[in-house]
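Student: I am new to this structure, and I would like a close look at a single part. Could you take me through one helix and its surroundings?

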Amino acid sequence: EKEALDVKLNALKSFLAKVATNEAPMLTDDQVGNLEEQCEAMQSYSDVLGIRIEYDKEYLKAVGG
């Protein structure tokens, strides 16, 4: 799940980096703001998934799994 999310997140970040250039379609300020908010939410979710994955790895190592 984290891997798929990170692929989408990286694509969104790449798109947002092009917003102010000629390589991106014309977007309203509201649309850009919504995309930036979505990007932040996706990054937070990815971070939490990463923490949970690390915890599970450490837990399994501790119990010999």
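Tutor: Happily; here is a walk along helix α1, with a short look at its partner.

This is a predicted model, in which local features need pLDDT of at least 70 and side-chain atom pairs count only at pLDDT 80 or more, while totals for chains, interfaces and linings use all residues. Residues are numbered from 1 along each chain as its sequence is written, and side-chain values use heavy atoms, leaving out hydrogens and water.

Helix α1 covers residues 2-18; helices here are DSSP runs (H or I, at least four residues), numbered from the N terminus. From first C-alpha to last, the 17 residues of α1 reach 24 Å, close to the 24 Å expected at 1.5 Å a residue (1.5 Å times one less than the number of residues).

Now look at its sides. Leu 5, Leu 9, Leu 12 and Leu 16 are the buried residues of α1 (buried is under 20% relative accessible area, exposed over 50%, partly exposed in between, with a 1.4 Å probe and protein chains only). These residues lie on the same side of α1 because they cover an arc of only 65° around the axis, taken from the directions from the helix axis to the C-beta atoms. An α-helix has 3.6 residues a turn, so residues three or four places apart point the same way.

That buried set packs against α2, where contact means heavy atoms within 4.5 Å. On the face turned away from the buried side, α1 carries the exposed residues Glu 3, Val 7 and Ala 17.

The partner, helix α2, spans residues 29-62 and includes Glu 36. Glu 36 counts as partly exposed because its relative accessibility is 40%. Its C-alpha atom is separated by 13 Å from that of Asn 10, 26 residues apart along the chain.

Methods:
Helix = DSSP H or I, 4+ residues; strand = E, 2+ residues; numbered from the N terminus.
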